[in-house]
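Me: I would like to go through this model step by step. Please keep the answers short.

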Amino acid sequence: MTHIGDPRKGNPMSPKIYRKHNCSAKHRTWRTLAACMWPQAAWISGEGQYATVSRCSESAVRQVVSVALHDDLAKAKEALDLINATACGGRCVKDHELIKLERDTSS
Ligand SMILES: [Zn+2]
Ligand SMILES: [Zn+2]
């Protein structure tokens, strides 16, 4: 078992960065920002800048998104490895992603 990651999928230590959300508010916590970014999320857990997002469908008609937040990248990576290894439950299609959240803190 390796934790180095698949080079074809890019550097695992450089997650995708999400900045866009669905309102103009400045969210005070990563969790409220995540809730705004993924309004379709069935649940959001934890708190932190790094999100592991599962988009595996529970059925053909309903897409279930679940988001877990982590306060550091290593922990988020570990969590992603875990859901990749064990499946996230339901009808897992291995649609899991590690995303770094960024927010505007200029005010
Ligand atoms: Zn928002
Ligand atoms: Zn899954």
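**Sheet, helix and core**

Reply: Start in the sheet of this predicted model. Gly 46 stands opposite Leu 69, a residue of β4.

Me: In which sense do β2 and β4 pair?
Reply: Strands of a sheet pair through backbone hydrogen bonds, and the sense is either parallel or antiparallel. Here β2 and β4 share five bridges. Their sense is parallel.

Me: Which strands stand at the edges of the sheet?
Reply: The sheet is open, has five strands and mixed pairing, and runs in the order β1-β5-β3-β4-β2. An edge strand here has a single partner, so one side of it is left without a neighbour in the sheet. That applies to β1 (16-18) and β2 (41-46).

Me: What span should α2 have, and what is the distance between its end C-alpha atoms?
Reply: α2 has 14 residues, counted at 1.5 Å a residue. The expected span is therefore 20 Å. The end C-alpha atoms agree with this, as they are 20 Å apart.

Me: At about what angle does α2 run to β3?
Reply: α2 lies across three strands: β3, β4 and β5. Relative to β3, the angle is about 15°.

Me: Which element gives the most to the largest nonpolar core?
Reply: This core has 17 residues, and Ala 34 is one of those that touch the most other members. The elements giving two or more residues include α1 (30-37) and α2 (73-86). With four residues, the one that gives the most is α1.

Me: Which residues is Ala 34 in contact with, leaving aside neighbours within four places in sequence?
Reply: Set those neighbours aside, and five names remain to be listed. They are Ile 44, Ala 51, Val 67, Leu 69 and Leu 101.

Definitions and conventions: Residues are numbered from 1 along each chain as its sequence is written. Chains are lettered from A and ligands numbered from 1 in the order in which they are written. This is a predicted model: local features need pLDDT of at least 70, side-chain atom pairs count only at pLDDT 80 or more; totals for chains, interfaces and linings use all residues. A nonpolar core is a set of buried Ala, Val, Leu, Ile, Met, Phe, Trp, Tyr and Cys residues joined through C-beta atoms within 7 Å. A residue is buried if 20 or more other C-beta atoms lie within 10 Å of its own, exposed if 12 or fewer, and partly exposed in between; C-beta atoms are placed from the backbone. Two residues are in contact if their C-beta atoms, placed from the backbone, lie within 7 Å. The expected span of a helix is 1.5 Å times one less than its number of residues. Two strands pair if DSSP finds at least two bridges between them. Axes are lines fitted to C-alpha atoms, for helices over the stretch in contact, and angles run from 0 to 180 degrees between N-to-C directions.
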